[in-house]
Amino acid sequence: MSGTRGCPFHFSSFWNYHSALICGGLFFVLNFLSAMKHTISILLLAAFVLLPSSLTAQILVNGVGVSQASMDRSGENMVVTVKYDMSALKVKKNRAVILTPYITNGTDSVALKTIGVYGRKRYLSYIRNDVHILTDNPSTSFRSHRVPQRFTYRDVTDYEPWMDSATLMLDRREYGCCEHVVGNDVAVLDVRKTEVVKAPVEIVPQMVYVRPEAEARKSRQIEGTAYIDFPVNRTEINPTYRRNEVELAKIRATIDSVRYDNDITINQVWLKGYASPESPYNHNRDLAIGRTQALKDYIQRFYRFSPGVISTDFEPEDWAGLRRFVEGSDMQNRSQLLAIIDSDRDPDTREWILKTSYPKDYQFLFQECYPALRHTDYRISYTIRGYDNLDEIRAVLAKRPQNLSLNEFYLVAQQLEPGSEAFADIFETAVRMYPDDPVANLNAASVALRRGELQRAERHLAKAGDSPEAVYDRGVLAFKLGDEESAVALFQAAADRGLEAAKDMLRQMQR
């Protein structure tokens, strides 16, 4: 055929060669059968005429047949034709097979338009998300059970001189969950070269996500500390005294953050007052009780809580706070001061020894530490109603994600395509709401591993506990960091505890 450049798979030379053999064979047979009945001659003649179709080779690339392929130059274009046979192709419901012909001469190459064949579940997902192909140069997409058994593919690309010595190839790539490549075959589209070159199969860790347990009652707490200043030996609150306006506003803001949410019920406002050790213990006890009661009365005037909602407690002298300050300091007599604080002497005796034995240190503590020991700790305990409707969960997620339980985060994530950005964002929001929860950190680690954010994954895994899934994710992290020995040990540990994803990774690594 004139005008053909670099065509590795064309039937003209194949037919010329075999037609000579066939004609010679026919001449011999017809002479041999000249004396036989006409009907027998016709049958044998038909058998030989049908011979070329049986000799036509077909390349089978993992269920995809190619019976004919050609590259023809037409002016400034290169025309590529491929005859596909899909009768043997089977695609699982959550997978996609992408066929990409390409022209290559080893150093230069150009990919042509693709054919996408999608399993039922994957096809519906792509239609729903308006994503129909896993490539930048789509041609046609088929649902697996609707793909034609045989059809002719044609594409035109710009001609380049290097194509004169090029070969036409076919890349068959199969995608599983999260767009991971689970199989890749490459074939030369030439009936005279039927070898299929197996490309290495990527080892793809399966990302695991754990469903948190549903909470029977969504109980929550907000805690804080306020430093209310009182004049010496006084217990009444002066809102304008020193920094009291700021500290009182901090308590009100904490209550307001849940007070005006219709989905929240405040069950308790707990207050605990502390005094510093510089006065007699009994006197400090009275001050702690009185000042805590004053703060309770102040809050009650603002909110009119039902009786019993506000509860109080007191600590006459905050020796625990004093110890934390000294232990974290670089004071010269630090160890001696800590020995006095930790002794079993009564509080007034300890305070007197500090003052007389280490007067300079005591003066420093009196100025720098004691003011912070006169404080009130508070805690707001409340419950949030549960959400059962997915539309309602989505609405709460958009405006008040702190109201959702981890199980509710998980429920809404399951309605999204696994591995999608929206799916990942759910678990990242969840771990921001529950930064110390092992399950929240585990799921966030899986998201980070899928994205290749290994440092982030490592931080989350430090809080993910020791479940089989957490051990498995640590194995995935080790594998991605190139530590295969540690990865295998971790996968084996998770597999021994029954995790199927770990068993699958061991099988992949063995292959």
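In this predicted model, residues 191-198 keep a pLDDT (the predictor's confidence in each residue, from 0 to 100) under 50, and the stretch makes 20 contacts (heavy atoms within 4.5 Å) beyond four places in sequence. For the protein chain, mean pLDDT comes out at 82, with 83% of residues at 70 or more. Residues 1-57 sit below 50, and the model gives this stretch 60 contacts beyond near neighbours in sequence. Where pLDDT is low, predicted coordinates shouldn't be read in detail.

On the bookkeeping side, numbering runs from 1 along each chain as its sequence is written, and side-chain values use heavy atoms, leaving out hydrogens and water. Local features need pLDDT of at least 70 and side-chain atom pairs count only at 80 or more, while totals for chains, interfaces and linings use all residues.

Now for the sheet. Four strands (DSSP runs of E, at least two residues, numbered from the N terminus) form an open sheet in the order 1-2-3-8, with antiparallel pairing (at least two DSSP bridges between two strands). Strand 1 (59-61) and strand 8 are the edges; each has a single partner strand, so one side of each lacks a neighbour in the sheet. Strand 1 pairs with strand 2 (residues 64-74) in the antiparallel sense over three bridges, and L60 has G65 of strand 2 as its bridge partner.

Over in strand 8 (residues 150-158) lies T157. T157 counts as buried (under 20% relative accessible area, 1.4 Å probe, protein chains only) because its relative accessibility is 16%. Leaving aside residues up to four places away in sequence, T157 touches E76, N77, M78, I103, V110, L112 and M163.

Key. Buried means under 20% relative accessible area, exposed over 50%, partly exposed in between (1.4 Å probe, protein chains only).
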